[in-house]
Structure formats: structure tokens, C-alpha cells
Amino acid sequence: MTLNICAQQNNTTPRMENFAIVIHGGAGTILKENMTPEKEKAYRDKLNEALEAGYKILEAGGSALQAVIEAVKVMEDSPLFNAGKGSVYTHEETIEMDASIMDGKTGKAGAVAGVKTIKNPVTAAFAVMEKSEHVMMIGTGAEKFAEKYKLEIVDTSYFFDQNRLNQLRQLKEKEKAVLDHDGASGYAKPDSSEIEFNIDLNPDKKFGTVGAVALDKQGNLAAATSTGGMTNKKFGRVGDAPIIGAGTYANNNTCAVSCTGHGEYFIRNVVAYDVAAIMEYKKFTLQKAAEYVINHKLEKQNGKGGLIAIDKKGNIAMPFNTTGMYRAYKKSNGQQEIKIYKD
């Protein structure tokens, strides 16, 4: 069965020429001195490919939902980012992926967590939203659901990456859990609930929860996020990416948001929804609301990361409090940017 991604679209709705898409490939310790020209070009090319995949759909009158799915799929299929094909390893040397999606028009949302065999977890999140009465499914149950609706299932060998496995095994020797997003390693003290973070500037380190937000010609917003989680994570840990309101949120009245960073802080602060709520209740602009959440509320707690957002008028925001964030946008007025560093 083929999922009807455009099902929400109403062809009788008056069209607007103001449309746009914004994507991210993760925020973290991304320094130019640690990036070769070849590697930087590879990231820029893949970001551009994802951007164009989503933009072409919007340009042709397709839905924001379809656009964010296609943009995220491009990044899930790349080993450059920590999502899908490029997902990092858990402590048990397995892959556990999470994803979510939300429709700003209807408020419907879907998510999957801890899946190991779904080639494109974002499509499974969409299936949960469209084909079930639920919002989130996890593990083998989510995989069986994906199989039922003929989504692409792959052998776990598809996700194999020797370099990432070597990195995991080195980390396991030290019994540290490294946050793939921010280059920090965190471990619990034996007699303390506190977490220490030490900076790891390994130039080969991969950063990259991925996400996309879009505004279509019908004036509808959508957001999607996908991740491979945390290197060396244990006990089935799940971050903010599949949590609606924390890592992903969309509401036609305000904005669409996709987050990346230290997930625990994004969950505690309900970051994605918080941006929309501040816009609605305090009447902040998108930029002001997004900057306040990332650079004031999170920064005060030492929560590291960033987000991308777009509002109902096509304004965009891409704040982050790390040294870099893979990010890009393209608007119907011709404006386009692809950025990596804090500049």
C-alpha cells in the first residue's frame, strides 16, 4: 500500500506564492579547522540535495508534509548524518532510530522510536500519523506496523559502518556516552545523579540529527525530525526527536519547528512547542521567540543545540548555541543559503 502523502492537500484552497523550506543536519562542535575542503563540500552538496528535493515539491504545489518527508529522506539515506543510513551505535552495538512528523493544518502527528530495520524512519512516523489512531509506536511493534503498510524494511547490515563501530568500541572502553550532536561525552559519577561533560573535538566525529520544516502554497506548515540517537547509549534511551512538542512541532497559527541537540534538555523544556507558545501568548516574532528559547532558556541550563523554524508568513529562524549547525533554506522569492559554521 502506498501512503498518500498529499492526502491533506485541498486543491480548491486558494494558493499563495509565499512558500519555503528549511532543513538542518545537526548542531554541535562543528569547527572549520576540523573540516577538510572535501568533507565540507560533501556536506554542502548533500544539504543542497535535500533542500532541492523538498523545494521542488513545494514549487509544484505539493504539500508541506510531502516536502519535509522527502527532504529528510535524502539525509536519512546519507552516511554523513546521524539518521537512517548514518545512525550511530548503541552500547549493544545495534542501531536504534527515532523520528517524528507533525501537520500544522490538522495538529495530527506521528512518531516512531527505537526502530532498527526501517530504512526511512520518517516515513514510518508519517504512517503512524495517517494510518493509525496513535501518535507514537516503538521497537518491533513499529517495525511490524511499517511492514504492514509496505514501507521499505532492510537488514540491519544496511546500517553497518566500521568507523562508527570502532569509535563506539573505543568509547565503551572508557565507559562514556558521547552525545553525537555536541561533541560532549557524558558519564554519571558512581555516587551522583549529575552528569559531567568533557569536550571531544575528534575531527572525524559525525554530527547530525536531521530535520525539515516547510510552508506550502496552501499556507500549511509541517515539521519532521529523524535521528540515530546517542553514541554508546544504553537502556533504550530515547531523546527529543520523536517527542512531539520537544523535538518537533507544527501549528498553522504560529510556526513549525525541528530541533537538534542534547535531547534531555529539549524534552525538559518542551522546546519546539515553547517557541510556538511564546509566539502565541507573548506575541513575539518567530526570530525573537526562537532566539529566546535557545540562547536564553537553554543556555542558562547549559543545554546545547539549535532549531530551525518557519512561521505562517514564511519568516525563518535558525538559532543555535553551539559552534556550528548544518542548516539551509530556500524561499519562493529566490533567497537561498547553506551554512555550517557560526558566522
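How many bridges join strand 2 to strand 3, and in which direction do the two strands run? There are 5 bridges between strand 2 (residues 97–103) and strand 3, and the pair runs antiparallel. The model is predicted.

**Around strand 3**

Within the pairing of strands 2 and 3, Ile-101 stands opposite Gly-110 in strand 3. The two strands form a hairpin with 5 residues between them. In that hairpin, Gly-107 takes a positive phi near 80°.

Strand 3 (residues 109–115) also pairs with strand 4 (residues 136–138). Here 3 bridges join the strands, which run parallel. Val-112 of this pairing stands opposite Met-137 in strand 4. Helix 3 (residues 121–131) completes a β-α-β unit with strand 3 and strand 4, and the unit is left-handed. Of the 7 residues of strand 3, 6 are buried, so the strand is largely enclosed by the rest of the structure.

The bridged pairs compare as follows.

| Strand pair | Bridges | Direction |
|---|---|---|
| Strand 2 and strand 3 | 5 bridges | antiparallel |
| Strand 3 and strand 4 | 3 bridges | parallel |
| Strand 10 and strand 11 | 3 bridges | antiparallel |

**The open sheet**

An open sheet is built from 4 strands in the order 10-11-12-13, with antiparallel pairing. Strand 10 (248–250) and strand 13 (316–317) stand at its edges. Each has a single partner strand, so one side of each is left without a neighbour in the sheet. Strand 10 is joined to strand 11 (residues 255–261) by 3 bridges. Thr-248 stands opposite Ser-258 in strand 11.

Two helices accompany this sheet. Helix 7 (residues 271–282) packs on the sheet and touches strand 10, strand 11 and strand 12 (305–311). The direction of helix 7 makes about 145° with that of strand 11. Helix 8 (residues 286–300) lies across strand 11, strand 12 and strand 13. Helix 8 runs at about 165° to strand 12.

**Nonpolar cores**

Which residues have the most contacts inside the largest nonpolar core? They are Ile-21, Ile-23, Phe-81, Ile-101 and Tyr-326, in a core of 58 residues. Helix 2 (residues 64–76) gives the most to this core, with 9 residues. Ile-101 thus belongs to this core and also stands opposite Gly-110 in the strand pairing.

Beyond four places away in sequence, Ile-21 touches a set of residues including Leu-51, Tyr-55, Leu-58, Ala-67, Ala-71, Val-213 and Tyr-329. Gly-54 and Lys-330 are also among the residues that Ile-21 touches. A second, separate core has 40 residues, among them Ala-290, Leu-298, Ile-310 and Phe-320.

Notes. Residues are numbered from 1 along each chain as its sequence is written. This is a predicted model: local features need pLDDT of at least 70, side-chain atom pairs count only at pLDDT 80 or more; totals for chains, interfaces and linings use all residues. Side-chain values use heavy atoms; hydrogens and water are left out. Two strands pair if DSSP finds at least two bridges between them. Contact means heavy atoms within 4.5 Å. Axes are lines fitted to C-alpha atoms, for helices over the stretch in contact, and angles run from 0 to 180 degrees between N-to-C directions. Buried means under 20% relative accessible area, exposed over 50%, partly exposed in between (1.4 Å probe, protein chains only). A crossover is right-handed if, with the strands pointing away from the viewer, the path from the first strand over the helix to the second runs clockwise. A nonpolar core is a set of buried Ala, Val, Leu, Ile, Met, Phe, Trp, Tyr and Cys residues joined through side-chain atoms within 4.5 Å.
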